[in-house]
Amino acid sequence: MEKTQFSRPLDLKAVRITDAFWHAHQETVRREVIPYQWEALNDRVAGAAPSYCMHNFRAAAKRVAEKRLGKAFVPASDTPRGFQPPPEDPSQAEPDRFYGYVFQDTDFSKWIEAVAYSLLQHPDPDLERTADEAIDLVCAAQDESGYLDTYYILNGMDQAFTNLRDHHELYCLGHLVEGAVAYCQATGKDKLLQAACRFADYAAARLGPEPGKRKGYPGHEIAEMALFRLYEATGKETYRALAQFFLDQRGTRPYYFDEEASARAALEGKPFSPGRDPGRYAYHQAHLPVREQAEAVGHAVRAGYLYSGMADAARLTGDETLYAACRRLWESIAGEKLYITGGVGGTHIGEAFSYPFDLPNDAAYSETCAAIALVFFARRMLALEPKAEYADVMEQALYNTVLAGMSLDGKSFFYVNPLESVPSACRGDKRLEHVDPVRRKWFGCACCPPNIARTVTSLAAYAYTESPDTLWTHLYLGSELAKRAGGANLRLAMESALPWSGRAKMTVHTDAPAACTLAFRIPGWCGGEPPAIAFPSGIQAEDRDGYRYLSGVWHDGDAVVLDFPMPVRVRTADPRVREDVGKAALTRGPITYCLEQTDNGPDLHLLRLDPARLSEIRPVPAEILGVPMTCLEAPGLREERGDGPLYRDYCPPETRPATLRFIPYYAWANRGEGEMRVWVRI
Ligand code: FUB
Ligand code: ZN
């Protein structure tokens with residue numbers, strides 16, 4: 001790993017997405033999700049759980065104003081611990097009380113981040129005004145000390161930072177920082193950034209290696225990568241040092257989470273015992289110092305955010321041991337714990353990674369946020385070393401699980417993304433209690449919808465990275481971008497037919513001949529078939545780590561035409577994935593496909609692909625809710641259910657021919673409730 005070779009995402013201001021596929025999704029987020037989210041944050045959505053997010057900021061702003069006037073703090077007599085159940089009817093809310101989850105503030109932070117990215121692509125003075133007013137309220141809720149977490153402002157700041165394991169203050173700080181940096185970069189307005197810096201300064205004054213400071217780290221990671229981002233945005237070393245401290249401290253002994261729990265118990269005059277569950281530290285990835293970790297474990301979102309922070313640190317410091325840990329963790333995920341939909345998290349117990357190769361389809365957790373966390377990690381690994389394996393997984397997660405998290409109309413969302421769904425089982429089986437057969441309008445714990453919004457609106461940040469003389473294309477998105485290289489101002493126009501066909505073209509516009517390298521990922525989904533890549537004569541080509549490097553002097557009007565084979569691939573899983581034995585999944589390009597009851601009738605488990613006719617599987621153009629896409633038709637068989645007793649003597653099942661119609665996984669559950677499955681018998 002050579003630090004000099006690190007690359008970085010393009011400044012979002014330098015890229016404009018024109019892509020037919022993704023621009024449509026960005027528009028859905030802009031037109032539907034962002035306004036809807038704002039209504040949800042303000043408890044104005046009929047039929048959806050009120051968020052109380054902005055209510056909490058209003059209540060905290062009132063408290064802060066009263067404090068300034070010297071009014072004594074009187075906590076509610078039943079001061080809550082953790083989740084504070086909100087009244088169903090927002091008009092019943094008490095103006096001084098906190099409601100919802102301890103991390104309710106992050107609903108705002110993720111919303112403002114998505115707003116920032118959206119404003120970059122699509123200026124909107126009304127939305128910007130709403131955002132500015134929201135920022136005024138959030139900033140009014142900041143304590144004079146810089147502390148800014150409404151849960152403790154309203155329930156007693158003397159308790160701040162006493163439960164880092166469970167109470168998410170550093171998670172709130174992390175999301176606030178992410179939103180604030182994005183909003184400042186998009187609009188040039190730094191009011192929220194100043195507030196985020198003050199909160200980060202507050203944290204840095206109380207947490208760290210120096211004597212007198214707490215030796216704690218986040219129970220839910222994100223502050224690590226957010227503080228690295230804040231450091232890069234402001235140049236202030238304090239933030240880098242705090243993020244680095246969080247990484248270095250995690251998993252060391254004595255366990256900080258036990259120490260803080262013990263201190264709380266002592267205050268209450270209660271005995272403390274750490275308990276004997278060996279998994280209690282792994283849930284928070286605190287079972288080992290980060291440089292010793294080798295297996296992705298615990299809560300999958302937390303894990304992905306931690307690994308992203310570790311990769312940031314490796315990039316900023318060139319720390320080889322951190323890089324090696326990132327590599328091992330990446331291999332653990334990609335080699336043993338990744339769904340074919342790009343989802344992660346095989347068990348709902350702890351919303352977590354399960355043991356290697358435990359990837360149940362119906363009971364999958366595969367939280368939308370966890371796939372997003374994996375996208376973050378992949379992007380950071382790409383910045384460390386451009387290897388197509390990272391971009392392949394990033395693309396797989398984006399086009400499948402991340403997109404499946406949102407309905408095609410942007411009006412409902414999945415939190416859990418199973419690979420097999422039978423609605424009656426979801427309702428009848430305790431094991432599947434966490435699985436929704438259809439998307440919901442909103443969630444009490446609404447982490448996923450705003451996470452989708454901020455990811456989809458910032459997609460350009462995942463498509464490219466650059467170094468002074470090289471531009472890497474990781475994702476093929478129709479886009480226009482600017483880059484300075486070889487003493488010239490380049491404007492590059494990418495046209496792409498993905499994900500439905502493998503054709504893409506990059507045209508170079510330049511004000512002077514420019515010596516530089518354009519590197520293009522050769523997607524893993526080509527399946528080993530060689531791509532056809534045409535480029536101007538005089539340009540040198542070299543293949544490395546799944547990228548075609550084209551180097552030389554580029555002239556105005558030069559073009560690179562890429563034609564990637566996009567065969568239908570019939571995929572099987574490692575036989576250690578017990579649930580997939582005897583089954584196959586279909587993929588084409590970055591898209592993973594599934595069967596739905598609407599197209600294929602009920603009892604999808606009785607359908608089989610015909611192994612003798614796999615070459616006949618063909619792509620067919622289709623529309624779902626007016627959205628164009630490519631579906632697949634495959635010759636297959638349907639087993640007859642037959643009447644008879646529960647158990648019967650074996651005889652070969654009767655079958656009849658059936659044409660199996662597959663749709664893209666991301667588009668499932670848009671046509672009412674019904675069965676779905678990705679892995680089909682073969
Ligand atoms: O705890 C904050 C977020 O809520 C997590 O990332 C999600 O898994 C959900 O539990
Ligand atoms: Zn989530």
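The paragraphs below go through a predicted model, beginning with its two ligands and ending with some details of its backbone.

The surroundings of ligand 1 are made up of Phe103, His168, Tyr171, His220, His299, Val301, Glu351, Glu367, Tyr415, Cys445 and Cys447. Sorted by class, this shell has 6 nonpolar, 3 polar and 2 charged residues. Oxygen atoms of the ligand come close to several polar side chains: an oxygen of ligand 1 is 2.7 Å from an N or O atom in the side chain of His220, an oxygen is 2.8 Å from an N or O atom in the side chain of Glu351, and for the side chain of Glu367 the corresponding distance is 2.7 Å. Of the 270 Å² of accessible area that ligand 1 has on its own, the protein covers 94%.

Glu367 leads on to the second ligand, a zinc ion, since Glu367 belongs to the shell of ligand 1 and also supplies an OE donor to ligand 2. The other protein donors of the zinc ion are the SG atoms of Cys369, Cys447 and Cys448, and the donors lie 2.1 to 2.3 Å from the metal. The angles among the 4 donor atoms run from 96 to 115°, and the site is tetrahedral; it counts as such because all of its angles fall between the limits of 85 and 135 degrees. Along the sequence, the donor residues follow the spacing E-x1-C-x77-C-C. Distant parts of the chain are thereby linked, with Cys369 in helix 14 (residues 368-384) and Cys447, 78 residues apart from it, in the loop between helix 16 (423-428) and helix 17 (448-457). Both Cys369 and Cys447 are buried.

The loop between helix 5 (150-155) and helix 6 (169-187) holds Asn163, a buried residue with a relative accessible area of 7%. A polar atom of the Asn163 side chain lies 3.0 Å from the backbone nitrogen of Asp166. Phe161 is found in the loop between helix 5 and helix 6 as well, and it is buried, at 1% relative accessibility.

Most residues other than glycine have a negative phi, and most peptide bonds are trans. Phe161, however, has a positive phi of about 60°, and Asp545 has a positive phi of about 50°. Asp545 sits in the loop between strand 11 (540-544) and strand 12 (547-554) and is partly exposed, with a relative accessible area of 47%. As for the peptide bonds, the one joining Arg253 and Pro254 is cis, with omega about -5°, and Pro254 lies in the loop between helix 9 (237-249) and helix 10 (256-267). The bond from Leu498 to Pro499 is also cis, with omega near 5°, and Pro499 is placed in the loop between strand 7 (488-496) and strand 8 (503-510).

Methods
Residues are numbered from 1 along each chain as its sequence is written. Chains are lettered from A and ligands numbered from 1 in the order in which they are written. This is a predicted model: local features need pLDDT of at least 70, side-chain atom pairs count only at pLDDT 80 or more; totals for chains, interfaces and linings use all residues. Side-chain values use heavy atoms; hydrogens and water are left out. A residue is near a molecule or strand if one of its heavy atoms lies within 4 Å of it. A polar contact is a pair of N or O atoms within 3.5 Å; within protein, one must be able to donate a hydrogen and the other to accept it, and residues adjacent in sequence count only if both atoms are side-chain atoms. Accessible areas come from the Shrake-Rupley method with a 1.4 Å probe; for residues, only the protein chains shown count as cover. Ala, Val, Leu, Ile, Met, Phe, Trp, Tyr, Cys and Pro count as nonpolar, Asp, Glu, Lys and Arg as charged, and the others, Gly among them, as polar. Donors are N, O and S atoms within 2.8 Å of the metal (3.2 Å for Na, K and Ca); water is not among the atoms, so sites may look incomplete. Four donors count as tetrahedral if all angles lie between 85 and 135 degrees; four count as square planar and six as octahedral if opposite donors are over 155 degrees apart and all others between 65 and 115; anything else is irregular. Helices (H or I, at least four residues) and strands (E, at least two) are DSSP runs, numbered from the N terminus. Buried means under 20% relative accessible area, exposed over 50%, partly exposed in between (1.4 Å probe, protein chains only).
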